[in-house]
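Colleague: I am new to this structure and would like a close look at a single part of it. Please pick one helix, tell me what is hidden and what is paired there, and then show me how the surroundings fit in.

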Amino acid sequence: MSFIQDFKKFMLKGDIIALATAVVIGAAFNKIIASVVADVIMPIIGLITGGTDFSQKFIALDGVSYETLEAAKEAEAAVITYGNLIDTIIHFIIVAFFIFLVLRAYEKTKKEKEAPKLVEPKGPTQEDLLTQIRDELKKQNSST
C-alpha cells in the first residue's frame with residue numbers, strides 16, 4: 001500500500017473519528033468550565049475569603065513589594081502568580097468532577113444494555129451421580 005492509502009485508512013478508522021469528536025467536544029466543554037470557574041466559582045470563593053481576587057495574588061521574587069501584579073510586571077520583576085495556580089487547580093477539579101459524572105452515567109447505561117447472563121443448567125446432584133454409579137455397578141455385576 002502507498003503512504004497515502006495507509007494514511008487514509010488510518011484516518012477513517014472509527015477510533016480516530018471518535019477521538020477527533022471527543023477533542024472538539026472537549027474544547028467546547030473546556031470553555032464552559034472556564035466560564036463556570038471564572039464567573040461563578042471564583043467570585044463565590046472571593047466572597048468567602050473577603051473579596052480576595054485570586055488572579056491578582058502573586059509573590060515578587062526580587063523582594064520588593066508591589067501594589068498590583070501589573071506593577072510588578074511593568075517593573076519586570078520575576079513573580080510567582082500563585083492565584084493563577086489556585087484558579088487552575090479549581091478548574092481541574094471541576095473538569096474532573098464533570099468527567100466523573102459523565103463516565104458514571106455512561107457506565108450505568110452500559111450496564112442496562114448488557115443482556116442478562118443466562119443461568120447455566122445445573123449438573124446432576126451428588127445423589128444422582130451416586131445413584132447412576134450404583135445402577136451401573138448393578139448392571140456390571142448382573143451381566144457377569
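**A close look at helix α4**

Modeller: Happy to! Let's start with the residues of α4 that are buried: Gly 83, Asp 87, Ile 90, His 91, Ile 94 and Val 95. Please keep in mind that this is a predicted model. The mean pLDDT of the protein chain is 83, and 93% of the residues reach at least 70.

When you read that list of buried residues, one general point about helices is handy. An α-helix makes a turn every 3.6 residues, so residues three or four places apart point the same way.

Now for the length of the helix. Helix α4 runs over residues 82-113, which makes 32 residues. At 1.5 Å a residue, a span of 46 Å is expected, and the C-alpha atoms at its ends are indeed 46 Å apart, so the two values agree.

Next come the rings. Across the whole structure, a search turns up 2 aromatic pairs. In one of them, Phe 29 meets Phe 98 edge-to-face, with 6.0 Å between the centres and 85° between the planes. This pair brings together distant parts of the chain: Phe 29 belongs to helix α2 (residues 14-48) and Phe 98 to helix α4, and 69 residues separate them. How open are these two rings to the outside? Phe 29 has a relative accessible area of 28%, so it counts as partly exposed. Phe 98, at 33%, is partly exposed as well.

Phe 98 has another partner too. Together with Phe 97 it forms an edge-to-face pair, this time with 6.2 Å from centre to centre and 70° between the planes. Phe 97 is partly exposed because its relative accessible area is 48%. The ring pairs thus join Phe 29, Phe 97 and Phe 98 into a cluster.

It helps to set α4 beside another helix. Helix α5 takes up residues 126-143, 18 residues in total. From its first C-alpha to its last it reaches 26 Å, close to the 26 Å expected at 1.5 Å a residue. What about burial? The number of buried residues in α5 is 0, so this helix lies largely in the open.

The charged side chains offer one more contact to look for. The structure has 1 salt bridge. Its members are Asp 135 and Arg 134, whose closest N and O atoms are 3.2 Å apart. Asp 135 is partly exposed because its relative accessibility is 35%, and Arg 134, at 44%, is also partly exposed.

Let's move on to what comes before α4 in the chain. The loop between α3 (69-74) and β2 is where you will find Glu 76. Glu 76 has a positive phi of about 55°, although this residue is not a glycine. With a relative accessibility of 72%, it counts as exposed. Ala 77 sits in the loop between α3 and β2 too, but its relative accessibility is 12%, so Ala 77 counts as buried. Computed along the sequence is one thing, but space tells its own story: Ala 77 and Tyr 66 are 11 residues apart in sequence, with their C-alpha atoms 9.5 Å apart.

For a contrast, look at Gly 50, in the loop between α2 and β1 (59-60). Gly 50 and Leu 61 are also 11 residues apart in sequence, yet 26 Å lies between their C-alpha atoms. Gly 50 counts as exposed because its relative accessibility is 68%.

Finally, the start of the chain. Phe 3 is part of helix α1 (residues 3-11), and at 66% relative accessibility it counts as exposed. Phe 3 also helps to make a nonpolar surface patch of about 690 Å², together with Ile 4, Phe 7, Phe 10, Met 11 and Leu 12. A word on confidence belongs here: among the elements of the protein chain, α1 has the lowest mean pLDDT, at 79. The highest, 92, goes to strand β2 (residues 79-80).

Technical notes. Residues are numbered from 1 along each chain as its sequence is written. This is a predicted model: local features need pLDDT of at least 70, side-chain atom pairs count only at pLDDT 80 or more; totals for chains, interfaces and linings use all residues. Side-chain values use heavy atoms; hydrogens and water are left out. Patches are made of residues with over 30% relative accessible area and no salt bridge: like charges are joined within 9 Å, nonpolar side chains (Val, Leu, Ile, Met, Phe, Trp, Tyr) within 5 Å. Accessible areas come from the Shrake-Rupley method with a 1.4 Å probe; for residues, only the protein chains shown count as cover. A salt bridge is a side-chain nitrogen of Lys or Arg within 4 Å of a carboxyl oxygen of Asp or Glu. Helices (H or I, at least four residues) and strands (E, at least two) are DSSP runs, numbered from the N terminus. Buried means under 20% relative accessible area, exposed over 50%, partly exposed in between (1.4 Å probe, protein chains only). The expected span of a helix is 1.5 Å times one less than its number of residues. pLDDT is the predictor's confidence in each residue, from 0 to 100. Rings of Phe, Tyr and Trp (its six-membered ring) pair if their centres lie within 6.5 Å; planes under 30 degrees apart count as stacked, over 60 as edge-to-face and the rest as tilted.
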